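Thanks for asking me to look this one over. Here are my notes, set out point by point so you can follow along in your viewer.

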Amino acid sequence: CDQLMGNPHGFVFYPQLFPAVMQGDRVEETVIAALDRIAAARDEWDVVVVIRGGGATSDLSGFDTYALAANCAQFPLPIITGIGHERDDTVLDMVAHTRVKTPTAAAEYLIASLADAAAGLDELVTALATGVTNRMHREEKRVEQLAGRLPALCSLVCANGTHRIEQLEARMQTALQRTLVEQKHRLALIEKVIEGASPMLILQRGYSITRCEGRVVRDVSALAEGSVLTTTLADGEVTSVVLN
């Protein structure tokens, strides 16, 4: 038990002893009872060590029972046994997770396992720190590369934007010029239509406009005898009176 309480490597164990009869007729009963107590709080433990110091070989028969072997074989935690001597073997040793010969060997095994686990954790911590450092360096380099590319990208974007604006301006100028030409042509056509419909042009062709009291005469029946008419010609006006 003293071997399990501390060690020269600086590890601290927090064992709890579950007393059991380790020889005689009550070995199976008391060991199974202790195991049941541990199983009820199995989340609090990592491993179970069944140890026995000294004794005759004939005292080991209690560790050869079927019930104890079945209980240990199905136990939810690893079981380490150190209950015999170099020459002794029990059924419980055969079904245990790990079998050592003596309590001292069990303590040494646990210490070595903890040392290996601690070394593994140290390696993981070192690997994690190295991985984080390397990742940070890679990200810093990537950011620097992006920062170096940023001015060129900005220049390219500006150049593309300027070129696009110039293209739009050129297209706008072309569209405006085309629109102006079309509108000028349209105005010229309208001007010709207006000129063609001008009353003066019609009068120059030999036609005249006759008015009575300022109104254009379109129907002879609307005139009465004595009505004064004003006839407009291309080069002047003529006044006449209706006789009949």
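The points below go through the sheets, the salt bridges, a surface patch, one backbone angle and the cysteines.

1. A word on the model first. This is a predicted model, so please read each point below as a description of that prediction.

2. The parallel sheet. Three strands make an open sheet in the order β1-β2-β3, and their pairing is parallel. The edges are taken by β1 (48-51) and β3 (98-99). Each of these has a single partner strand, so one of its sides has no neighbour in the sheet. As general background, strands of a sheet pair through backbone hydrogen bonds, either parallel or antiparallel.

3. How β2 is held on its two sides. Four bridges join β1 to β2, while two bridges join β2 (residues 79-82) to β3. If you would like residues to click on, isoleucine 51 has glycine 82 in β2 as its bridge partner. Towards the other neighbour, isoleucine 80 stands opposite threonine 98 in β3.

4. The faces of β2. In a regular strand the side chains alternate between the two faces of the sheet. Are the faces of β2 covered or uncovered? Both are covered: Ile79 and Thr81 are buried on one side, and Ile80 and Gly82 are buried on the other.

5. The antiparallel sheet. A sheet of four strands, also open, runs in the order β5-β4-β6-β7 with antiparallel pairing. Its edge strands are β5 (215-216) and β7 (236-241), each of which pairs on one side only. Strand β4 (residues 209-212) is joined to strand β6 (residues 228-233) by four bridges. Here, isoleucine 209 stands opposite threonine 232 in β6.

6. A backbone angle to look at. Glutamate 213 sits in the loop between β4 and β5. Its phi is near 55°, a positive value in a residue other than glycine. For context, most residues other than glycine have a negative phi. Glutamate 213 is also exposed, at 76% relative accessibility.

7. Salt bridges around β3. The count for the structure comes to six salt bridges. One of them joins the side chains of lysine 101 and aspartate 89, at 3.5 Å from N to O. This pair links distant parts of the chain, 12 residues apart: lysine 101 is in the loop between β3 and α5 (103-196), and aspartate 89 is in the loop between β2 and α4. Lysine 101 is buried, with a relative accessible area of 17%; the cut-off for buried is under 20%.

8. A second pair, and a network. Arginine 99 and aspartate 93 also meet through their side chains in a salt bridge, at 3.9 Å from N to O. That distance falls inside the rule, which asks for a nitrogen within 4 Å of a carboxyl oxygen. Which of the two is buried, arginine 99 or aspartate 93? Aspartate 93 is buried at 4% relative accessibility, whereas arginine 99 is partly exposed at 29%.

9. A salt bridge within a helix. Arginine 135 forms a salt bridge with glutamate 139, and their closest N and O atoms are 3.1 Å apart. Both residues lie in helix α5, four residues apart, which is about one turn of the helix. Arginine 135 is partly exposed at 46% relative accessibility, and glutamate 139 is partly exposed at 29%. Back at the pairs of the two preceding points, salt bridges that share partners join Asp89, Asp93, Arg99 and Lys101 into one network.

10. A nonpolar patch. Val91, Met94 and Val95 make a nonpolar surface patch of about 250 Å². Valine 91 belongs to helix α4 (residues 91-95). With a relative accessible area of 30%, valine 91 is partly exposed.

11. The cysteines. How many disulfides does a search of the whole structure find? It finds zero. Cysteine 154 is in no disulfide, and the nearest cysteine sulfur, that of cysteine 158, is 6.4 Å away. Cysteine 158 is likewise in no disulfide. A disulfide needs the two sulfur atoms within 2.5 Å, so this pair does not count as one. Cysteine 154 is partly exposed, with a relative accessible area of 40%, and cysteine 158 is exposed at 51%.

Key: Residues numbered from 1 in each chain as written. Predicted model: local features only at pLDDT ≥ 70, side-chain atom pairs only at ≥ 80, totals over all residues. Heavy atoms only, no water. Buried < 20%, exposed > 50% of the residue type's maximum accessible area, 1.4 Å probe, protein only. Pairing = 2+ DSSP bridges. Patch = residues over 30% accessible without salt bridge, like charges linked within 9 Å, V, L, I, M, F, W, Y side chains within 5 Å. Areas by Shrake-Rupley, 256 points an atom, 1.4 Å probe, with all protein chains shown as cover.
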